[in-house]
Amino acid sequence: MRRLDTTEEGFEAKLRALLQRDEAAVAGISDSVRNIIADVRGGGDAKLVELTRKLDRTDLSCGLAVTEQEVEQAIAACSKEALDALEIAARRIEAYHDRQRPEDRRWIDDLGVTLGWRWTPLDAVGLYVPGGTAAYPSSVLMNAIPAKVAGVKRIVIVTPAREGKLNPLVLAAAKRAGVTEIYKIGGAQAVAALAYGTETIKPVDKIVGPGNAYVAEAKRQVFGHVGIDSIAGPSEITVIAEGGIEASHIAADLLSQTEHDKLSQSILLCCSEVLASAVAKAVEDQLAEHPRREIAETAWREQGAIIMCEDLADAARVSNIIAPEHLELCVRDPEALLPLIDHAGAVFLGRHTPEAIGDYVGGPSHVLPTSRAARFSSGLSVLDFVKRMSVTGCPEKAFREIGPVAATLAEIEGLPSHAASVTFRLEE
Ligand SMILES: NC(=O)c1ccc[n+]([C@@H]2O[C@H](COP(=O)([O-])OP(=O)(O)OC[C@H]3O[C@@H](n4cnc5c(N)ncnc54)[C@H](O)[C@@H]3O)[C@@H](O)[C@H]2O)c1
Ligand SMILES: N[C@H](CO)Cc1c[nH]c[nH+]1
Ligand SMILES: [Zn+2]
């Protein structure tokens, strides 16, 4: 873990170096991801079976797809408590995303031209649900519900089966959210299969969802051939905390994201030395007992940081440079600080809103931009699953008014058929 102070010399350069984390990691894996994608394009199902045997120790020679019977058996194996929790989360996520449906617009301008736009859903989307070191039923809901609300008809999940097993609640969540196909594949090979198709898996139009560095890099590489959402890679959290907040709570919040991945990043911004030291100690105490210690400790030691700031406004300034996936405002008056925050995937207000609420049950999707992508992109939403088509309609009178403008500009651009398509009609 690094200790920094915003008043020290060269602070911004040191901060930017700290944030450079997965560029370095990606540099090491981008060639192997490229090879995996090429292999799957050339080798189809057989290559998927071979790579899954090697990387996930799972034999898929009997089939890649999860059957309806497997889904029903999985649901029967889930406890009532788990299914009830899933249902409450699903309803809250649906209610939030229902409000995100964009509206069509139509109007007639001064010249009588009909103008507007229509939103239409994508035909087929692929949702990546991580499954390497943990199972993520919550990510099924957070990916699939926005797609369903948008009206996507074909919703395909890929998720790795660790040693042949899928978490039953992952399948229950897929059924609850209206997923149409599920394949037991993960990593870059799953992204390649969704993008280019295989004998069994028809290609999709867009691939969304979080995953580790292999998944994030594969999405980057297939972008253009298919659409993608943001790059939602190894999880991150920044906490702005004020003195007086319980240190063990903040420590748990920081570890809640380092426990995802060795490449995860947790950063505390605070103005109190007493709090900074108490949180550092509480993190060590919690790590000592941590069931995922190797992952959480590596991420905290390699990428974690405590940054001393002059005041809350200074902390907000630093947070905007970090542009974290998740930002907790653990302060007495979070609403007063919120207007100073410009870049974060999701913001959590006040000490009773730990980030884990957002991971499971708050309502917004937890699929969020990482690695500073919150500077230019947003978390997954209904808008990721729809497109906007513009609409223009000229009655003859309006055509005769604006047609000559089009013809003039077409002539200037040296495009005679463009001009003719207008002038022929004007001469009618
Ligand atoms: N940003 C978000 O919205 C968000 C949400 C949930 C989870 N996450 C992140 O998702 C990630 C989940 O990671 P995970 O590893 O548990 O699951 P994962 O499903 O993302 O990755 C597992 C796959 O990685 C591939 N892989 C692993 N090692 C490989 C190697 N050496 N060569 C080639 N391929 C390899 C394998 O194919 C395996 O199936 C974490 O980084 C977590 O922080 C992010
Ligand atoms: N924090 C993750 C997004 O970075 C989402 C998640 C799912 N389960 C637990 N956490
Ligand atoms: Zn999480």
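Two residues are in contact if their C-beta atoms, placed from the backbone, lie within 7 Å. The views below show a predicted model.

**Figure 1. Helix 9 and the elements that cover it.** Helix 9 runs over residues 247-258. Its 12 residues should span 16 Å at 1.5 Å a residue, and the end C-alpha atoms, 17 Å apart, agree with this. The helix is mostly covered, with nine of its 12 residues buried. The buried residues are Ala247, Ile250, Ala251, Asp253, Leu254, Leu255, Ser256, Gln257 and Thr258. Three strands are among the elements that cover them: strand 9 (236-241), strand 10 (265-270) and strand 12. The cover also includes helix 10 (273-288), helix 11 (293-303) and helix 14 (355-360).

**Figure 2. The whole chain, for orientation.** The protein chain has 428 residues, and buried residues make up 43% of them. Its secondary structure comes to 16 helices and 14 strands. The C-alpha trace spans about 85 × 60 × 45 Å along its principal axes. Take the contacts with a separation of 6 or more: residues 24 or more positions apart account for 73% of them.

**Figure 3. The annotated active site.** UniProt, in an unreviewed entry, places the feature "active site" at Glu325 and His326. Glu325 sits in the loop between helix 12 (312-322) and strand 12 (326-330). His326 lies in strand 12. Glu325 has 31 other C-beta atoms within 10 Å, so this residue is buried. His326 also counts as buried, because it has 28 C-beta neighbours inside 10 Å; the cut-off for buried is 20 or more.

**Figure 4. Contacts of Glu325 and His326.** Residues up to four places away in sequence are left out here. On that basis, Glu325 touches Ser235, Glu236, Gly345, Leu368, Pro369, Thr370 and Ala374. His326 is in contact with Glu236, Ile237, Gln257, Gly345, Ala346, Phe348, Glu355, Gly358 and Leu368. Glu236, Gly345 and Leu368 appear in both lists. Gln257, a contact of His326, is one of the buried residues of helix 9.

**Figure 5. The surroundings of ligand 2.** The residues around ligand 2 are Tyr136, Ser138, Ser139, Pro210, Ser235, Gln257, Glu325, Asp359 and His366. By class, two are nonpolar, five polar and two charged. Glu325 in this shell is one of the residues of the annotated active site. Gln257 is here too. Domain 1 (26-107 + 121-230) and domain 2 (234-366) both give residues to this shell, so ligand 2 lies between them.

**Figure 6. The surroundings of ligand 1.** Ligand 1 is surrounded by 30 residues. The closest are Gly132, Gly186, Gly187, Pro210 and His260. Helix 2 (21-56), helix 7 (187-196) and helix 8 (213-222) each give two or more residues to the shell. Helix 2 gives the most, with three residues. The shell has 13 nonpolar, 14 polar and three charged residues. Domain 1 (26-107 + 121-230) and domain 2 (234-366) each supply at least three residues. Pro210 is among the closest residues to ligand 1, and Pro210 is also in the shell around ligand 2.

**Figure 7. Helix 7, enclosed.** Nine of the 10 residues of helix 7 are buried, so the helix is largely enclosed by the rest of the structure. The buried residues are Gly187, Ala188, Gln189, Ala190, Val191, Ala192, Ala193, Leu194 and Ala195. Gly187 is also one of the residues closest to ligand 1. Just after the helix, Gly197 takes a positive phi of about 80 degrees.

**Figure 8. The annotated binding site.** UniProt lists Tyr128, Gln189 and Asn212 for "binding site", again in an unreviewed entry. These residues are spread over 85 residues of sequence, yet they cluster in space: the largest C-alpha distance is 12.8 Å. Tyr128 lies in strand 4 (residues 124-128). Tyr128 is buried, with 31 other C-beta atoms within 10 Å. Gln189 lies in helix 7. This residue is buried as well, with 29 other C-beta atoms within 10 Å.

**Figure 9. Contacts of Tyr128 and Gln189.** Neighbours within four places in sequence are again set aside. Tyr128 is then in contact with Val158, Ala190, Val191, Ile207, Gly209, Pro210, Gly211 and Val215. Of these, Ala190 and Val191 are buried residues of helix 7. Gln189 touches Ile36, Val40, Leu48 and Leu51.

Note on methods:
Residues are numbered from 1 along each chain as its sequence is written. Chains are lettered from A and ligands numbered from 1 in the order in which they are written. This is a predicted model: local features need pLDDT of at least 70, side-chain atom pairs count only at pLDDT 80 or more; totals for chains, interfaces and linings use all residues. A residue is near a molecule or strand if its C-beta atom, placed from the backbone, lies within 6 Å of it. Ala, Val, Leu, Ile, Met, Phe, Trp, Tyr, Cys and Pro count as nonpolar, Asp, Glu, Lys and Arg as charged, and the others, Gly among them, as polar. Domain bounds come from an automatic or database domain assignment. Helices (H or I, at least four residues) and strands (E, at least two) are DSSP runs, numbered from the N terminus. UniProt positions are given in the numbering used here, feature names are shortened, and annotations may be inferred rather than shown by experiment. The expected span of a helix is 1.5 Å times one less than its number of residues.
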